Amino acid sequence: MVREQYTTTTPGTSLERPKNEYVYKIGIYGWRKRCLYLFVLLLLIILVVNFSLTIWILKVMWFSPTGMGHLRVTKEGLRLEGESEFLFPLYAKEIHSRVDSSLLLQSTHNVTVNARNSNGEVTGRLNVGPKMVEFHGQQFQINSKDGKPLFTVDENEVVIGTDKLRVTGPEGALFEHSVETPLVKAEAFKQLRLESPTRSLSMDAPRGINIKAQAGNIEALSQMDIKLHSSDGVLLLDAETVRLPKLPEGTRGGSGISQGLYEICVCPDGKLYLSVAGVSSTCQEYSRVCQ
């Protein structure tokens, strides 16, 4: 670039134009100019690459005005369609499935659901593993559709709220301690068996015990003694025939020799009592025991 000098004159005068004594070159020339063009070209290349990467990321992540990929932003919250994988913890107030499908939580190891208080401490934990389902909390409860508690477990007791508890195992149910229930019933055409292999079996009720078989026999087997005790009342055996087939029979001996045997006597009102056995019957119709 060349800078020229001009001289202004007034009309009617004539002056000679001075010669160009100095010439200055203004601009960028040489290697500086080439570096500038190279830097501008590099900026353009970076801009094009960034713009292409941005378009590629938007296309791969399926960005749209309503969300990203299978994730949609609605008025009710976030809606996620299809299968998704979460690499870090998920915090949500409520998780719902679609109306026409179920909610599936799947993991290669286990699925853990934690409940925390305001201090961040875990107050309840549900761990579903490949071999065991564990629950840690103060109380575990299962409710029906109408809110009725069906199964409740805490540190003190286990409550089953259904009308009938059915045990289908071939070995039945094993209780290490006492069981409190108003009714024990077998299935139709099946036998009911109450057994204590190594200890005693005791049944207590404040208002009586009713043992009933609609179509079958009732058997009570014991290695030692069978005791039927009523603290306030009578023991009633209501049957057409009462048999005691295995009672020991004494041999005929001398007069007054009982051989440690007793005779069971029945009062007119049905009361039973023992009498020392003799050669003949020692039961008396009007015994003082019957009075």
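The paragraphs below walk through the structure from the N terminus on, element by element.

This is a predicted model. The protein has 291 residues, of which 4% count as buried. Its secondary structure comes to 1 helix and 12 strands. The order is simple to follow: the helix comes at the N-terminal end of the series, and the strands follow it.

Start with the helix. α1 covers residues 31–60, a run of 30 residues. From its first C-alpha to its last it reaches 43 Å. At 1.5 Å a residue, 44 Å would be expected, and the helix comes close to that. A record bears on this stretch. An unreviewed UniProt entry lists residues 35–58 as "transmembrane region". In the model, residues 35–58 are 100% helix and 0% strand. The C-alpha atoms at the two ends of that stretch lie 34 Å apart. C35 has 43% relative accessibility, so it counts as partly exposed, the class between 20% and 50%. After α1 comes W62, which has a positive phi near 55°.

The strands begin with a small sheet. Its 4 strands stand in the order β1-β2-β3-β4. The sheet is open, and its pairing is antiparallel. The edges are β1 (63–64) and β4 (78–80). Each has a single partner strand, so one side of each lacks a neighbour in the sheet. Look at one of these pairings in detail. β1 and β2 (residues 67–68) are joined by 2 bridges and run antiparallel. Here F63 faces M68 of β2.

Further along come β5, β6 and β7. β5 spans residues 111–116 and β6 spans residues 122–128. These two run antiparallel, with 6 bridges between them. V111 stands opposite V128 in β6. β5 and β6 make a hairpin with 5 residues between the strands. In that hairpin G120 adopts a positive phi, near 85°.

β6 has a second pairing, with β7 (residues 133–136). The sense is again antiparallel, and 4 bridges hold the pairing of β6 and β7. L126 has F135 of β7 as its bridge partner. β6 and β7 also form a hairpin, with 4 residues between them. How do side chains lie along strands such as these? In a regular strand they alternate between the two faces of the sheet.

F135 leads on to the next feature. How many aromatic pairs does a search of the whole structure find? It finds 1. The pair is F135 with F140, their ring centres 5.1 Å apart. The planes meet at 55°, so the pair is tilted; edge-to-face would need an angle over 60 degrees. Are the two rings' residues buried or exposed? Neither class fits. F135 has a relative accessible area of 35% and is partly exposed. F140, at 30%, is partly exposed as well.

F140 takes us to the next sheet, since β8 covers residues 140–143. This open sheet has 3 strands, in the order β8-β9-β10, with antiparallel pairing. β8 and β10 (158–160) are the edge strands, and each pairs on one side only. From one strand to the next the twist averages 10°. β8 and β9 (residues 149–153) run antiparallel and share 4 bridges. Across this pairing, Q141 stands opposite T152 in β9.

The last stop is a covalent link. The structure holds 1 disulfide. C265 and C283 form it, with their sulfur atoms 1.8 Å apart. Which hand does the disulfide have? The torsion about the S-S bond is about -85°, so the disulfide is left-handed. C265 sits in strand β11 (residues 262–266), whereas C283 sits in the segment after β12 (272–276). The link therefore ties together parts that are 18 residues apart in sequence. The two cysteines fall in separate accessibility classes. C265 has 1% relative accessibility, so it counts as buried, a class that ends at 20%. C283 has 30% relative accessibility and counts as partly exposed.

Notes. Residues numbered from 1 in each chain as written. Predicted model: local features only at pLDDT ≥ 70, side-chain atom pairs only at ≥ 80, totals over all residues. Heavy atoms only, no water. Expected span 1.5 Å × (residues − 1). Disulfide = S-S within 2.5 Å. Buried < 20%, exposed > 50% of the residue type's maximum accessible area, 1.4 Å probe, protein only. Pairing = 2+ DSSP bridges. UniProt positions renumbered as here; feature names shortened; annotations may be inferred. Phe/Tyr/Trp six-rings, centres within 6.5 Å; stacked < 30°, edge-to-face > 60°. Axes fitted to C-alpha atoms, helices over the stretch in contact; angles between N-to-C directions.
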